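Hi,

Here is the structure I said I would pass on. Have a look at it, and then read my notes below.

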Amino acid sequence: MVIIENENIHDIPVLHAVKSGNVNQPLPLVIFIHGFTSAKEHNLHFAYSLAEAGYRVILPDMNYHGERSSNLSMEQMYSSFWDIVVQGIYDVNALITELDNRGWIENERIGLSGTSMGGIITYGTLTQNDNIKAAVSLMGSPSYERLAYWQFNEFKKQGVEFSFSDDQLLGAINNLKPYDITLQPEKLNRRPLLIWHSKIDSVVPFQYDEEFYLSVRNDYEQEGHIRFLVDHSSGHKVSRHAYLETVAWFKEHL
């Protein structure tokens with residue numbers, strides 16, 4: 001039987017899914033990160049299926065989301081997007097360190113996944129943590145710099161007003177470069193990576209995932225360790241097929 005508990009780990013609210021009787025046993029770990037304006041409980045189907053398969057699954061709330069909500073306006077949330085992403089990278093690493101200190105991770109078997117903003121955080125964390133053994137990005141973006149420029153222009157079209165100058169924007173985007181895996185693809189280090197994206201996604205551009213996949217796929221010597229699933233109908237919504245493929249990916253590679 002799978003149990004799901006609401007906990008605080010390293011002062012981060014999480015849902016912890018694991019088979020009963022295995023709570024304090026070392027297990028392979030998967031951390032799954034929600035999207036922008038979503039929350040940890042929205043991905044319980046991933047957690048249940050992975051926990052049923054024998055994994056320890058942690059669903060954290062990112063900053064300003066879920067139990068960490070600060071009642072920010074949408075304009076404030078948009079302005080904070082990349083701060084949330086970078087903090088999310090540090091949160092993932094803090095969770096891994098704490099769980100390892102508890103003896104809850106089996107043989108450094110660590111997986112990471114997320115939807116939309118969670119996929120973006122997944123890519124960024126791969127540049128900062130060599131211990132992640134397998135990853136899945138669902139409609140995320142590996143290119144921080146290009147996505148930031150694209151978002152800014154889209155928000156301006158929508159009439160969103162920002163309190164910073166163009167020079168401040170350039171400085172903020174420059175600070176994202178250490179987390180941009182497209183600028184340092186060697187940090188992927190041939191780790192198993194599944195990418196899923198819809199061609200008709202209007203929220204996170206499809207092309208950044210496609211271009212990244214095409215640029216790194218030939219670096220992989222082991223067939224099947226990188227895969228790009230192209231969706232043609234879901235838009236910015238994870239399909240059931242993507243959910244099932246995510247679970248299958250970790251079963252195979254973690």
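One term before the tour: a nonpolar core here is a set of buried Ala, Val, Leu, Ile, Met, Phe, Trp, Tyr and Cys residues whose side-chain atoms link them up within 4.5 Å. Buried, in turn, means under 20% relative accessible area. Please also keep in mind that this is a predicted model.

**The cores**

With that in hand, the largest nonpolar core has 53 residues, and Ile31, Trp82 and Leu193 have the most contacts inside it. Helix α3 is the top contributor to this core, giving 10 residues. There is also a second, separate core, made of 25 residues, with Ala134, Met139, Leu229 and Ala242 among them.

Ile31 is a good place to start clicking. Once you set aside its neighbours within four places in sequence, Ile31 is in contact with Ile58, Pro60, Val92, Leu95, Ile96, Gly111, Leu112 and Ser113.

Helix α7, which covers residues 206-216, has a buried set of its own: Phe206, Tyr208, Asp209, Phe212, Tyr213 and Val216. What do the buried residues of α7 pack against? They pack against α4, α5, β7 (193-198) and β8 (226-231).

**The pocket**

Next, the empty space. The largest pocket has a volume of about 560 Å³. A total of 27 residues line this pocket, and Phe36, Thr37, Ser116, Val203 and His236 are the ones that lie nearest its centre. Three elements give two or more residues to the lining: α1 (44-52), α4 (117-126) and α5 (144-157). Of these, α5 supplies the largest share, 5 residues. How many residues of each class are in the lining? By class, the lining has 13 nonpolar, 13 polar and 1 charged residues.

Thr37 deserves a second look. Thr37 sits in the loop between β3 (27-33) and α1, and its phi is positive, about 65 degrees, although it is not a glycine. Most residues other than glycine have a negative phi. Thr37 has a relative accessible area of 49%, so it counts as partly exposed.

**The loop between β4 and α2**

Tyr64 also has a positive phi without being a glycine, at about 70 degrees. Tyr64 is in the loop between β4 and α2, and it is partly exposed because its relative accessibility is 28%.

Leu72 lies in the loop between β4 and α2 as well. With a relative accessible area of 27%, Leu72 is partly exposed. Not counting residues up to four places away in sequence, Leu72 touches Tyr64, Met77 and Ser80. Its C-alpha atom is separated by 20 Å from that of Glu41, and the two residues are 31 apart along the chain.

**Salt bridges**

Last, the charged pairs. Side chains of opposite charge can pair when their charged atoms come close. The count comes to 11 salt bridges in this model.

The one I would look at first joins Asp91 and Arg68, with 2.9 Å from N to O. This pair links distant parts of the chain: Asp91 is in helix α3 (residues 81-101), while Arg68 is in the loop between β4 (56-60) and α2 (74-79), 23 residues apart. Are these two partners buried or exposed? Both Asp91 and Arg68 are buried.

Two other pairs make a useful contrast to look at. Arg102 forms a salt bridge with Glu98, and the closest N and O atoms are 2.9 Å apart. Arg102 is partly exposed because its relative accessible area is 33%, and Glu98 counts as partly exposed at 23%. Arg109 and Glu106 also meet through their side chains in a salt bridge, at 2.3 Å from N to O. Here Arg109 is partly exposed, with a relative accessible area of 28%, and Glu106 counts as partly exposed at 25%.

Elsewhere, salt bridges with shared partners join Lys40, Glu41, Asp61 and Glu67 into one network.

If you only have a few minutes, I would open the Asp91 and Arg68 salt bridge, and then turn to Thr37 by the centre of the largest pocket.

Cheers

How values were computed: Residues are numbered from 1 along each chain as its sequence is written. This is a predicted model: local features need pLDDT of at least 70, side-chain atom pairs count only at pLDDT 80 or more; totals for chains, interfaces and linings use all residues. Side-chain values use heavy atoms; hydrogens and water are left out. On a 1 Å grid over the protein atoms alone, a cavity is a set of points where a 1.4 Å probe fits but cannot get out, and a pocket is an open set with protein on both sides within 12 Å along at least five of seven lines; lining residues have an atom within 4 Å of a point. Grid points are joined across faces, edges and corners, and a volume is the space filled by probe spheres set on the points. Helices (H or I, at least four residues) and strands (E, at least two) are DSSP runs, numbered from the N terminus. Ala, Val, Leu, Ile, Met, Phe, Trp, Tyr, Cys and Pro count as nonpolar, Asp, Glu, Lys and Arg as charged, and the others, Gly among them, as polar. A salt bridge is a side-chain nitrogen of Lys or Arg within 4 Å of a carboxyl oxygen of Asp or Glu. Buried means under 20% relative accessible area, exposed over 50%, partly exposed in between (1.4 Å probe, protein chains only). Contact means heavy atoms within 4.5 Å.
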